[in-house]
Amino acid sequence: MTDIKVNGLNEPGLTFHELEQGFTIKEAITEAGRCLNCAKPLCRTGCPIDNDIPGFIYALSRGNIGEAREIIAERSNLPAVCGRVCPHEKQCEGHCVLAKKQQGIKIGKLERFIADFDAAMHLSRDKVPAKINGKVAVIGSGPAGLTVAGDLAKQGFNVVVFEAESEPGGVLLYGIPEYRLPKKVVRQEIERIASLGVTFITNCLVGVNITVDQLFDQGFDAVFIGTGTALAKGLDIPGKDLMGVIQATYFLRTIVLYNDGKIDRKEVPVYKDDQVLIIGGGNVAMDAARSALRLGARVTVVYRRTESDLTALRSEYEGAVAEGAAFCWQASPLAFIGKEGMLTGLEIATPTGKTILPANKVLLAIGSRPAARIVSTTKGIEVNPAGYVITKQTPYGMTTLKGVFAGGDVVHQPATVVLAMKEAKRVAKGIAAYVQAKKLLEEC
Ligand SMILES: Cc1cc2nc3c(=O)[nH]c(=O)nc-3n(C[C@H](O)[C@H](O)[C@H](O)COP(=O)(O)OP(=O)(O)OC[C@H]3O[C@@H](n4cnc5c(N)ncnc54)[C@H](O)[C@@H]3O)c2cc1C
Ligand code: SF4
């Protein structure tokens, strides 16, 4: 992504450049030096993937940044991402013993510093074991797929990732906006996973271009499905087909594609002075609101509950407010209003009655669910009534079809990057155990 193009989309004042500045080396080492290196580190308890937080902070405090990165690599393949987008205040930082005195260690920023510094200086390198333990196909390259790929490659598996998009990364690349997670950072993390010997095959929609059965025919010992929740939910109210009713995830994706030079500006569906309503109260809604503001639109977020019920991170909500987003609380959409096929407003019900909010664009951010491309083209993979893949405890993450595993949002509903990684790590262990047993039986 070129900065010029990111600038090209910007209105003066608000930019798509990364908002949060990282630590300088001096700041990072000083911050690391405040850590008490607790015998019972509560920060680690708060980390869903059990990162050795005191370990990497201690290494950093001594100036050993490469060693700090190696310690992180024992548990995580995506530290530069997690350092930026994890809800640290609810996890490691919220649990830090110093947080009680409002002096908690800024763990996310330290993790980000270590990953960025290491990537820039090429300090550490992962060991690349010989690929002797079997062949695994990973479908989808979001945090779940990347974690399974990285963990299994480190254990000597031959891993091939099949991705429908033209580039790997999933929501990290096509969802979370540049100002929170620069695409350069995502690409760097993926390059490191590729350097473990993982092969990426892009523009390959499994279920259409190849089936799971064909993957087994090609000699894969196991298949992992990490396809996330690709289908954005619609709002089934009058006027839903009017021009101007758009999915927020589609809008966010077009910004990335435009910045990559893959589509024209006119295909990014928000313009200066547009009156945009965002329906929803999660992180996707905040990302859509803040991105639309960056394109010069006037933005109101319409949420059916109250401020305290927002599911978005507090910091994201506060960021949206500071940047000029208005909020309409306890508002239930009743109908999209239009004229000659074009959206002109949204009728809502509030505790004080019905009203129409004028708008020429509505961005829907009310959730998503899994697509059925793989399960509909493979016999034996059961899903629950909402379409989420059903998995087993033993071997962990195996679906109802032998040798096929699943994890991340496609199993556990839209959650967070680190929760997708947590599950994927457990499933990677399940796959390793399964393939090992399969090989032993074959030898017998
Ligand atoms: C806009 C937005 C903002 C978010 N912000 C945050 C945040 O700040 N912090 C946080 O922790 N979480 C955030 N999340 C949630 C987080 O990104 C997801 O929980 C996480 O990405 C799920 O990972 P996953 O690997 O399961 O799925 P995904 O990231 O969705 O990846 C699935 C991949 O599978 C591919 N795929 C799908 N079907 C096929 C197929 N048939 N064949 C081949 N490939 C296929 C897709 O193209 C995609 O690359 C956000 C989500 C969104 C949408
Ligand atoms: S809880 Fe806080 S002070 Fe203790 S080891 Fe973790 S980061 Fe350091």
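**Stop 1: the largest cavity**

Start with the lining of the largest cavity, whose residues divide into 10 nonpolar, 4 polar and 1 charged. You are looking at a predicted model, so please keep that in mind as you go. The volume of this cavity is about 120 Å³. To find its middle, select C47, N51, H88, C92 and E111, the closest to the centre among the 15 lining residues.

Next, colour two helices. Both α4 (53-61) and α8 supply at least two residues of this lining. Which of the elements gives the most to the lining of the largest cavity? That is α8, with 3 residues.

How many cavities of 30 Å³ or more does a search of the whole structure find? There are 4, and the next stop is another of them.

**Stop 2: the second largest cavity and its guest**

Now move to the second largest cavity, which holds about 100 Å³ of space. Select C35, C38, C43, C96 and V97: of the 14 residues in the lining, these are the closest to the centre. The helices α3 (42-45) and α4 each give two or more residues here. Sorted by class, the lining has 13 nonpolar residues, 1 polar residue and no charged ones.

What sits in this cavity? Show ligand 2, and you will find it there. Then select the residues around ligand 2: C35, L36, N37, C38, L42, C43, P54, C96, V97, I105 and I107. This shell divides into 10 nonpolar residues, 1 polar and no charged.

**Stop 3: the second largest pocket**

Finally, turn to a pocket. The second largest pocket has a volume of about 730 Å³. Its lining is made of 26 residues, and E20, R84, H88, E89 and S315 lie nearest the centre. If H88 looks familiar, you selected it at the first stop, where H88 is among the residues closest to the centre of the largest cavity.

Which helices should you highlight around this pocket? Choose α6 (79-85), α7 (92-95), α8 (107-121) and α15 (314-322), each of which supplies at least two lining residues. Then colour by domain: domain 1 (3-121) and domain 3 (232-368) each contribute at least three residues to the lining.

End by colouring the pocket lining by residue class. How many nonpolar, polar and charged residues does it have? The lining of the second largest pocket has 7 nonpolar, 8 polar and 11 charged residues. Set that beside the lining of the second largest cavity, with its 13 nonpolar, 1 polar and no charged residues.

Conventions
Residues are numbered from 1 along each chain as its sequence is written. Chains are lettered from A and ligands numbered from 1 in the order in which they are written. This is a predicted model: local features need pLDDT of at least 70, side-chain atom pairs count only at pLDDT 80 or more; totals for chains, interfaces and linings use all residues. Side-chain values use heavy atoms; hydrogens and water are left out. A residue is near a molecule or strand if one of its heavy atoms lies within 4 Å of it. On a 1 Å grid over the protein atoms alone, a cavity is a set of points where a 1.4 Å probe fits but cannot get out, and a pocket is an open set with protein on both sides within 12 Å along at least five of seven lines; lining residues have an atom within 4 Å of a point. A molecule sits in a cavity or pocket if more than half of its atoms lie within 2 Å of its grid points. Ala, Val, Leu, Ile, Met, Phe, Trp, Tyr, Cys and Pro count as nonpolar, Asp, Glu, Lys and Arg as charged, and the others, Gly among them, as polar. Grid points are joined across faces, edges and corners, and a volume is the space filled by probe spheres set on the points. Helices (H or I, at least four residues) and strands (E, at least two) are DSSP runs, numbered from the N terminus. Domain bounds come from an automatic or database domain assignment.
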